[in-house]
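Me: I should like to go through the terms applied to this structure and see what justifies each of them.

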Amino acid sequence: MSASRCWTVRRLLLLPPASGREVSKARFLHRDHDLQKKEEEKQGGGRGMPGVWEYRRNNPYTVRSSRHLSSAKNTLLDLAFNRGGGSKVAEQPTDSVRLPPDVRGDPRAFQRCRPEYRTMSHDLSLSPPSIAIGKAFEMLHDVTELKGSLRSADIVRFLSELGHVAPEQQPLVHSDTRFSMLLRYSVESLRLFSHAQLLEILRAFVWLNIPATHSILSLYEAEFSCRVEDMEFRELLLAADLWRCLGRQVPRYLELVYTCAARVLDQLELPELVQLLYVIGEGRRCPPALLPPLELLLLKHLNRLLPEEVGTVSLAFFKSQSSLSAGTARRLADQAHHLVEELSDYALVNVLKLLRFNHLDHRGLLWALRCEVPRRAPRMGIQGLMHVTLTCSSLHYRDDDILLAVAQCLPPLAPLCRSKDAGKLLWAFGMLGFPPSEVPQLYPCLTQAMRLKEFELQHFPQHLLTGLLGLAFLGLYPQDLLNLALSEDFVRLATGFQHLDLKKDLFTLDASVGLEIPNWKGPRISPALTEQIRQQLWTFAQQDVCLKAEVLEAEELLQELLGGEAFVQKHMILPHTRSIDLELRLDSEGCPIPLHSEPKCNAKSVKRASSSPPFWEGGHTGVMITEDLLAQLTSLRSLGQPHNEMQPYNEMPPHSKPCRVHLKKEQEDDERMFTSGVTLTSGFLEALKSPAQHPVYPQVSTGGTAQFIAVQVSTRNHFCYQSQQLLGLQLLKRRQLALVGYRVVDLPPWEWIPLLRQSRTEKLAYLQGKIFSMQGG
């Protein structure tokens, strides 16, 4: 070994020391073991390891007291092991142990389904028989005797047998300087090990619970990476599995394995394919070029997949964020449906994750959940229940049997919730419109779980906003959590979050609080941030939903029906609900009222009006208020103009203010004269005097002379799957539109989309019935 390589090894092994308590205990056991050994020698007993003692006598190069390894270097080697754990006994590195205690599932269970997996995976359930700590100290003593004479086979044997030490006694081995010497000898012999020996050492590291952060592992990873081209593919899979058992991420090694896999993919059998997919999933990445041939190979073996293998394959594609083609995803769901009764709870949840990620509405499997979830829910644990509910929410699939079964199991499990679980459960139930009266304890217990995990929210602010939006969908507003979510510090944290854009969620929550809690005295997000998000939402709407054929058709026909472009305004009445409206107004006699300032608008002016945000989106505008203007306004009011019971809000541009228009049909329908005037109220005058801090809405009293109508061109995404039940955000929007005085007219997709293929007369008749019917659709 070169001098630079030796220096690198020594530098990498500089780690914190073992605890004094462990060292003292080790010395006591050493003393006890020496006394026992002397007693055995008196009685003619064994001498520990006869083969090693014989090797020492016949080896002329054995040095009994080494100067080559100084005490200082031994101390450094002793420190090497203890970076990760100190005196703490390392936990068994199984995937299932790392999961929270309420999750009952073994991600590696599939490896026990077929004997072929034994050669390419490590079975953590087959732990080796334990050896006494005294025997371990004997082996470490032999290491000091052999020193530089250690052969590679000796190093493998020592490490393998030390892996038999019981987990609770392993810290005594870890803190022993002689064990650190053994690790150093193994590094110096890295290139001398055969492939099988290298794998055996890695397996020994698993049994010894070597911390994933231990510096020696980086050297072994480099060695494995150098050997990828020379090893068999099953050996590569075994090494990847052992790295997973150690809990260490090895992206460089995995990339080399994937390159090798691409060359031999057509030669892989089903167990090798499933194990490869497991490795890909745990590595959280699948090379894009590898995905298509993987799909083809999967389709070839799909019908032979066993229940646990179906769950493993589904989880692999979910974890690696690999979108399957629609056909492959449906075939995999078909196999899951065929085996649904045999799937473990863990495998079933993994299949649901795949459905959620691929937006796959597999009717058979969703229907089967009606029977499976109520049967399994009491034993599934909090995370399993969360994933079931979240999948239903993501697919917009509302089934009351499923939701009720989950909801009834949650209250006693709520203390086990992470903030992630509580937030997503609140979101899912709120999105599906699950009423609080069904399980009265459900929402309070999840809200309390969020409070108990407040410390997590500093790292995961999205979970608080997710949960609060779910509650807002149902009109529930816990004020203490709202104070936190809208506080200046939390808003700064959320808006500075790099991985997710949380500004829209903040906007929706803040605006909903302003509308539905009139006496709210708590914090609000700044007008500048509000304006920024409004502009973003309106820009996106102009490029997307405003251009959809069903929206353009409805807009054009409504203009024709009402008498011109001035009578229909396409905009976002409530921008925080993230969807557009076609706004209309009718007077007390049911006649249309123009929404634009000029009675007749040419195409260019209408285009400008529709492409610019309405009063909500346009920022803070206004006129200079003078004493003369106020005097004129108040004198006009004193002339006895009737009060139309409007409650105007601040910052309303002229075209959005309530106005009284008397429509007189003196000539043809296209010859109209308009007379307009602004109704003055004390609220309006007060609004003129004081600038607004937050955008507000025009509230329309039901007893007013004008009728405000918000036409909704709905899509299937606004409703539950195969249902006419609105989803949470649309429930919130319609509730808030009614709150500010709008009558909602819905053009549901099951009515409007088929009509697009019908005659213009039929479409106009349909819209006339919707607009001029007091029921409003």
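Reply: A residue is called buried under 20% relative accessible area, exposed over 50% and partly exposed in between, using a 1.4 Å probe and protein chains only. This is a predicted model, in which local features need pLDDT of at least 70, side-chain atom pairs count only at pLDDT 80 or more, and totals for chains, interfaces and linings use all residues. Residues are numbered from 1 along each chain as its sequence is written, and side-chain values use heavy atoms, without hydrogens and water.

Me: What makes strand 6 largely enclosed by the rest of the structure?

Reply: Strands are DSSP runs of E with at least two residues, and helices are runs of H or I with at least four, numbered from the N terminus. In strand 6, 6 of the 6 residues are buried, so the rest of the structure largely encloses this strand. Y742, V744 and D746 are buried on one side, and R743, V745 and L747 on the other.

Me: How do you know that strand 5 pairs with strand 6?

Reply: Pairing requires that DSSP finds at least two bridges between two strands. Strand 5 (residues 707-713) and strand 6 run parallel and are joined by 6 bridges; therefore they satisfy the criterion. V711 has V745 as its bridge partner in strand 6.

Me: Why is the unit of strand 5, helix 32 and strand 6 called right-handed?

Reply: The name applies because, with the strands pointing away from the viewer, the path from the first strand over the helix to the second runs clockwise. Strand 5, helix 32 and strand 6 form such a right-handed β-α-β unit.
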